[in-house]
Structure formats: structure tokens, C-alpha cells
Amino acid sequence: MRNRLFAGAAALAATTALIALPGTADATTRTPALHTINVGGPLSTDLAYGTVATMYSPGTTTGVKCTASHIDGTLAANPNTLTLSGPVNVLTFSGCTSNVPGVTSVTSLTMNNLPYTLSISDTAGYPVALTPSAGSVIQATAVLKTLAGNATCVLHASVLNGNVTNGQTQIDLVKQVLTKTSGPSICFPNIEFTASYGPVSLFN
């Protein structure tokens, strides 16, 4: 039986087609269903209900958390590799606060160097990768309002990895490390980024 990888929100489901990744017919034989995917279909998703996006110092709950985050992009099927992939043109954060001592508020949290490429594989665990363009990096810029004025923290990663979970309706990125490349001492040397997006819908 084919597994549903993308389940749209209920309001959208009545008017848009749900898109499936290939499932597994038995222990040894795949049953490709990528022909059901509309090549170039838009991808749009927000944080999963009841969750927040966090950028914390490793092993702690100190850093920045955001109550809203939005992804927009386009995905296409690759029947040769049993994957979906395509550009993410929008990755935004809002409703951000910080519990770092000396930080009074978060002015902005911005993802730079877009577009990134989102890829989702039909191998075990449905691995997800968010990668920058060739020769670029994933970059997060956090502007923090502190008692001494604004502090701009710039952090880099070469890739953010995750998985499709929750009955193939959600993309989870858990404790993905970004490293500081510039900023004052109030910026952590490394942060762990965690966020869950869903339900993920790919529709006409």
C-alpha cells in the first residue's frame, strides 16, 4: 500500500489534490507513485500547530524562540532517484523572543542567501535536506536588542537535515547546528535550530 507523504490541511484538502511519495509494496519491492506528483507544484507550510522554532545554545533552552515561521517554494519529482526537490524561496520567522541575559528583545531573525533547495527522499525515515546554492551557505542573521544597543549575530551551516514524520504529514528539523561567523560575545558560538513544519501540502 502506498504511504501518503503529504497531507494537506483539511480546508485545502477539499479543493486540492494530495500528493504521494512512493511507498513499499513489500520488504524488497518499491511501488513508485511519483507520476502522481504535479511537477513544479507549489509548497507552502507553517510551523506545526502548538510548536515553536528554537535557536538554542547546545544542551540548553537558552537562546531565541519564534512562534511563527513560514516556508514557500516549489517541488518537483525525480523518478530516477525517488525524491522530491526544489527551491525554497521564502523562509521567514516572526514572534521571536529571547531569554539570553542582557537581551531585551529580538529585532529580527532573517534567513539569507535564499533560495535553498529542499529535498525529500523515499529511503527509510524519509530524510530531508535543506541545502544552499552552489558556493553559498545557509545563513541566519539575528538582530538582538541588548542593554548596550543592537547586536547582530550571523550564523552559518552547510546543510540542515531532518525527516518527514507524524504519519508523513510533517517536516522535522531537530538540533541542527549553525556556527557563529560574526557578532559580539553575547552571540553564542553555536546554536541548535529545531522546528517542525506541517501539515505539509503540495497542491495544484
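1. In this predicted model, residues 24 or more positions apart supply 62% of the chain's contacts that have a separation of 6 or more. The secondary structure consists of one helix and 15 strands.

2. Of the 204 residues in the chain, 44% are buried. The exposed area amounts to about 9,600 Å², of which carbon and sulfur atoms contribute 57%.

3. One aromatic pair is found in the whole structure. Its members, Phe 93 and Phe 193, meet edge-to-face, with 5.9 Å from centre to centre and 85° between the planes. Phe 93 belongs to strand 6 (residues 83-98) and Phe 193 to strand 14 (residues 190-197), so the pair ties together parts that lie 100 residues apart in sequence. Both Phe 93 and Phe 193 are buried.

4. Two cavities of 30 Å³ or more are found in the whole structure. The largest has a volume of about 140 Å³. Strand 5 (63-78), strand 10 (138-146) and strand 11 (149-157) each give two or more residues to its lining. Residues lining this cavity include Met 55, Val 100, Cys 153, Cys 187 and Phe 188. By class, the lining holds 11 nonpolar residues, one polar and no charged.

5. The second largest cavity encloses about 80 Å³. Strand 13 (170-182) and strand 14 each provide at least two residues of its lining. Among the lining residues are Leu 91, Leu 118, Ile 171, Tyr 197 and Phe 193, the last of these also being a member of the aromatic pair. The lining of the second largest cavity comprises nine nonpolar residues, with no polar and no charged ones.

Definitions and conventions
Residues are numbered from 1 along each chain as its sequence is written. This is a predicted model: local features need pLDDT of at least 70, side-chain atom pairs count only at pLDDT 80 or more; totals for chains, interfaces and linings use all residues. Side-chain values use heavy atoms; hydrogens and water are left out. Helices (H or I, at least four residues) and strands (E, at least two) are DSSP runs, numbered from the N terminus. Buried means under 20% relative accessible area, exposed over 50%, partly exposed in between (1.4 Å probe, protein chains only). Contact means heavy atoms within 4.5 Å. Accessible areas come from the Shrake-Rupley method with a 1.4 Å probe; for residues, only the protein chains shown count as cover. Rings of Phe, Tyr and Trp (its six-membered ring) pair if their centres lie within 6.5 Å; planes under 30 degrees apart count as stacked, over 60 as edge-to-face and the rest as tilted. On a 1 Å grid over the protein atoms alone, a cavity is a set of points where a 1.4 Å probe fits but cannot get out, and a pocket is an open set with protein on both sides within 12 Å along at least five of seven lines; lining residues have an atom within 4 Å of a point. Grid points are joined across faces, edges and corners, and a volume is the space filled by probe spheres set on the points. Ala, Val, Leu, Ile, Met, Phe, Trp, Tyr, Cys and Pro count as nonpolar, Asp, Glu, Lys and Arg as charged, and the others, Gly among them, as polar.
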